[in-house]
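Okay, thanks for coming, everyone. Let me put the model up, and then I'll talk you through one loop, one helix and the core.

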Amino acid sequence: MSQVNLKTVKQNLKMPNRFDVILLNDDFTSMEFVVDVLRRFFHKEFQAAEAIMLKIHIDGEAVCGSYSYDVAQTKVKQVIGYSRENEQPLMAVLRELGI
């Protein structure tokens, strides 16, 4: 392929859309469980997990990470599955960035 063709191909490529994974506040899930979820599934350090947990508690929701659609969807399923296995109502949703 010549350089002109490579340049054309590169110009046509675009980054995939990104999605935020958001945890939602509820009146039943313990703060400790939320911190555990943030550390387990989003690989947050303890202090960062505590800060995000407090944001969820105060604001009603918080972004835990931004990912491609497939990864974000997997994280949401993992969090909800783990929460239900542990009899917790914690909910996670995904939201497309920029919308």
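**A loop, a helix and a core**

So, start at Gln88, which sits in the loop between H4 and strand E3 (91-96). Before I go on: this is a predicted model, so local features need pLDDT of at least 70 and side-chain atom pairs count only at pLDDT 80 or more, while totals for chains, interfaces and linings use all residues. Residues are numbered from 1 along each chain as its sequence is written, and side-chain values use heavy atoms, with hydrogens and water left out.

Helices (H or I, at least four residues) and strands (E, at least two) are DSSP runs numbered from the N terminus, by the way.

Back to the loop. Is Gln88 buried or exposed? Buried, with a relative accessible area of 19%. The cut-offs there are under 20% for buried, over 50% for exposed and partly exposed in between, with a 1.4 Å probe and protein chains only. Setting aside neighbours within four places in sequence, Gln88 is in contact (heavy atoms within 4.5 Å) with Phe28, Thr29, Ser30, Phe33 and Ser83.

Now the overall layout. The protein chain has 4 helices and 3 strands, and from the N terminus on they run α-β-α-α-β-α-β. Of the 99 residues in the chain, 30% are buried. Take contacts between residues at least 6 apart in sequence: 69% of them join residues at least 24 apart.

Phe33, one of the contacts of Gln88, brings us to H2. Which residues of H2 are buried? They are Phe33, Val34, Val35, Val37, Leu38, Phe41 and Phe42. Keep the helix geometry in mind: an α-helix has 3.6 residues a turn, so residues three or four places apart point the same way. The buried residues of H2 pack against E1, H3, E2 and H4. Just after H2, His43 takes a positive phi of about 55°.

Last stop, the largest nonpolar core, with 23 residues. By that I mean a set of buried Ala, Val, Leu, Ile, Met, Phe, Trp, Tyr and Cys residues joined through side-chain atoms within 4.5 Å. Among those with the most contacts inside this core are Leu23, Val34, Val37 and Leu90. At least two residues each come from E1 (19-24), H2 (31-42), H3 (46-59), E2 (61-67) and H4 (69-85), and H2 gives the most, with 7 residues. If you want one residue to click on, try Val37: not counting residues up to four places away in sequence, Val37 touches Leu23, Phe42, Val79, Tyr82 and Leu90.
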